[in-house]
Amino acid sequence: MRRVAVVVGGAVLALAAVAASSAEETADPGDEAGTRPMPDFLDGGLWRVFTHLDCRTRLDVHDVSGRDRRVLWPPRWQVCTQYPAAGTELDRRTTVMIGVVRKGETCPPRVRDARR
């Protein structure tokens, strides 16, 4: 039984080493310094935010319609506001704040005017 555990443990370590080395090879040059540019998410879907940001990025999503609804299903929401602005360098300390409304609704005028 011990041999099986040793063999399985060794295989897991080998796979982890291969995964770590391949992750280092495919890293973007901007990731080496710990920064990357903020994409432009305005007027796009919220699902795009989740798929384009690094999983370690701190993200704050809130409903800007004034109804204070919970955002439970990202594909049903569209982005009205974003902070920081597109092109700003993101690092590990930056919290990205996204203001959303349900798809099919328009962004409130106060939000539209403030973001431009």
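**Exercise 1. Is Thr57 buried or exposed, by its relative accessibility?**

Solution. Start with the thresholds: buried means under 20% relative accessible area, exposed over 50%, and partly exposed in between, with a 1.4 Å probe and protein chains only. Thr57 has 14% relative accessibility, so Thr57 counts as buried. Next, place the residue. Thr57 sits in the loop between helix H3 (46-52) and strand E2 (58-63). Helices (H or I, at least four residues) and strands (E, at least two) are DSSP runs, numbered from the N terminus. Then list the partners. Contact means heavy atoms within 4.5 Å. Leaving aside neighbours within four places in sequence, Thr57 is in contact with Arg36 and Val96.

Some ground rules apply throughout. Residues are numbered from 1 along each chain as its sequence is written, and side-chain values use heavy atoms, with hydrogens and water left out. The model is predicted: local features need pLDDT of at least 70, side-chain atom pairs count only at pLDDT 80 or more, and totals for chains, interfaces and linings use all residues.

**Exercise 2. Decide how far the model can be read.**

Solution. Take the confidence score. pLDDT is the predictor's confidence in each residue, from 0 to 100. The protein chain has a mean pLDDT of 78, and 66% of its residues reach 70 or more. Now find the weak stretch. Over residues 4-27 the pLDDT is below 50, and this stretch has 0 contacts in the model beyond near neighbours in sequence. Where pLDDT is low, the predicted coordinates should not be read in detail.

**Exercise 3. Write down the fold as a string of elements.**

Solution. Count the elements: the protein chain has 4 helices and 5 strands. Order them from the N terminus: α-α-β-α-β-β-β-β-α. Check the contact range. Among contacts in the protein chain with a separation of 6 or more, 69% are between residues 24 or more positions apart. Add the burial total: 24% of the 116 residues count as buried. Finish with the surface. The accessible surface comes to about 8,400 Å², and carbon and sulfur atoms hold 57% of it. Such areas come from the Shrake-Rupley method with a 1.4 Å probe; for residues, only the protein chains shown count as cover.

**Exercise 4. Characterise the disulfide.**

Solution. Apply the cut-off: a disulfide is a pair of cysteine sulfur atoms within 2.5 Å. The structure holds 1 disulfide. Cys80 and Cys107 form it, with sulfur atoms 1.9 Å apart. Read the handedness. The torsion about the S-S bond is about -90°, so the disulfide is left-handed. Locate both ends. The pair links distant parts of the chain: Cys80 lies in strand E3 (residues 77-83) and Cys107 in the loop between E5 and helix H4 (109-115), 27 residues apart. Check burial. Cys80 is at 0% relative accessibility, so Cys80 counts as buried. Cys107 is also buried, at 6%. Cys55 counts as exposed, at 74% relative accessibility.

**Exercise 5. Find the nonpolar cores and their sources.**

Solution. Fix the term: a nonpolar core is a set of buried Ala, Val, Leu, Ile, Met, Phe, Trp, Tyr and Cys residues joined through side-chain atoms within 4.5 Å. The largest has 11 residues, including Met38, Phe41, Trp77 and Ile98. H3, E3 and E5 each supply at least two residues of this core. E5 gives the most, with 3 residues. Apart from this core lies another, of 5 residues, among them Val64, Cys80, Val101 and Cys107. In soluble globular proteins, nonpolar side chains tend to be buried together.

**Exercise 6. Inspect Thr94 and the unusual backbone.**

Solution. Begin at Thr94, in the loop between strand E4 (89-90) and strand E5 (95-102). Thr94 has a relative accessible area of 18%, so Thr94 is buried. The Thr94 side chain makes a polar contact with the side chain of Asp91 at 2.8 Å. A polar contact is a pair of N or O atoms within 3.5 Å; within protein, one must be able to donate a hydrogen and the other to accept it, and residues adjacent in sequence count only if both atoms are side-chain atoms. Not counting residues up to four places away in sequence, Thr94 touches Arg58 and Pro84.

Follow Pro84. A cis peptide bond joins Tyr83 and Pro84, with omega about 0°. Pro84 is in the loop between E3 and E4. Now check phi. Asp43 has a positive phi of about 65°, and Asp68 has one of about 55°. Most residues other than glycine have a negative phi, and most peptide bonds are trans.
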